Amino acid sequence: MKVVQTNAAPQAIGPYSQGVIVNNMFYSSGQIPLTAEGTLVEGDVQTQTHQVFENLSAVLEAANASFETVVKATVFIKNMEDFAAINEVYGEYFHSHKPARSCVEVARLPKDVLVEIEVIALCK
């Protein structure tokens with residue numbers, strides 16, 4: 001197992017890593033809309049979702065993976081009413097390649113954010 005760490009995404013705020021690689025598969029921790037410096041991105045759910053994807057891009061790159069090699073994404077949202085808005089942003093990053101996906105509404109997310117996404121990807 002190899003731990004993935006990059007300064008281009010927010011550092012873990014607990015006893016976990018940004019992601020791990022096992023047998024050429026990358027498993028990311030959930031990414032929330034924090035900047036790499038750890039500042040919470042304010043704004044609507046689309047603004048927050050774009051920041052989540054910036055973070056995912058950084059950890060995928062550090063793992064020698066990319067959005068094109070993602071096989072599964074899990075989306076956690078605070079309010080299912082935001083599904084269409086999140087899906088619109090999601091489609092900008094997964095426009096031709098469409099990995100498997102789950103989406104669940106949760107009661108609360110870390111730092112009261114509106115969205116959190118984790119991915120599983122093949123390393124190149």
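# Exercises on packing, fold and local geometry

Apart from neighbours within four places in sequence, Phe 53 makes contact (heavy atoms within 4.5 Å) with Phe 67, Val 89, Tyr 90, Tyr 93, Phe 94 and Ile 117. The structure is a predicted model, in which local features need pLDDT of at least 70 and side-chain atom pairs count only at pLDDT 80 or more, while totals for chains, interfaces and linings use all residues. Residues are numbered from 1 along each chain as its sequence is written, and side-chain values use heavy atoms, with hydrogens and water left out.

**Exercise 1.** Determine which residues have the most contacts inside the largest nonpolar core, and which elements supply it.

*Solution.* Step 1: a nonpolar core is a set of buried Ala, Val, Leu, Ile, Met, Phe, Trp, Tyr and Cys residues joined through side-chain atoms within 4.5 Å. Buried denotes a relative accessible area under 20%, exposed one over 50%, and partly exposed a value in between, with a 1.4 Å probe and protein chains only.

Step 2: the largest core holds 27 residues, and Phe 26, Phe 53, Leu 60 and Ile 117 have the most contacts within it. At least two core residues come from each of α1 (45–62), β4 (70–77), α2 (83–93) and β6 (115–122). The greatest contribution is that of α1, with seven residues.

Step 3: a second, separate core has five residues, including Ile 32, Leu 34, Phe 76 and Leu 109. As a general point, nonpolar side chains in soluble globular proteins tend to be buried together.

**Exercise 2.** State the order of helices and strands, and assess how compact the protein chain is.

*Solution.* Step 1: helices (H or I, at least four residues) and strands (E, at least two) are DSSP runs numbered from the N terminus. On this basis the protein chain has two helices and six strands, arranged along the sequence as β-β-β-α-β-α-β-β.

Step 2: the radius of gyration is 13 Å, close to the 14 Å given by the globule rule for 124 residues, so the protein chain is as compact as a globular protein of that length. The radius is taken over C-alpha atoms, and the rule is 2.2 Å times the number of residues to the power 0.38.

Step 3: the C-alpha trace spans about 35 × 30 × 20 Å along its principal axes, and 44% of the 124 residues count as buried. Among contacts with a separation of 6 or more, 70% join residues 24 or more positions apart.

**Exercise 3.** Describe the residues from Val 22 to Asn 24 by place, exposure and backbone angle.

*Solution.* Step 1: Val 22 lies in strand β2 (residues 19–22) and is partly exposed, at 31% relative accessibility. Its contacts, leaving aside neighbours within four places in sequence, are Met 1 and Tyr 27. The C-alpha atoms of Val 22 and Met 1 are 4.9 Å apart, although 21 residues separate them along the chain.

Step 2: Asn 23 occupies the loop between β2 and β3 (25–28) and is exposed, with 74% relative accessibility. Asn 24 is in the loop between β2 and β3 and is partly exposed, at 42%.

Step 3: most residues other than glycine have a negative phi. Asn 23, however, has a positive phi of about 50°, and that of Asn 24 is positive, near 70°.
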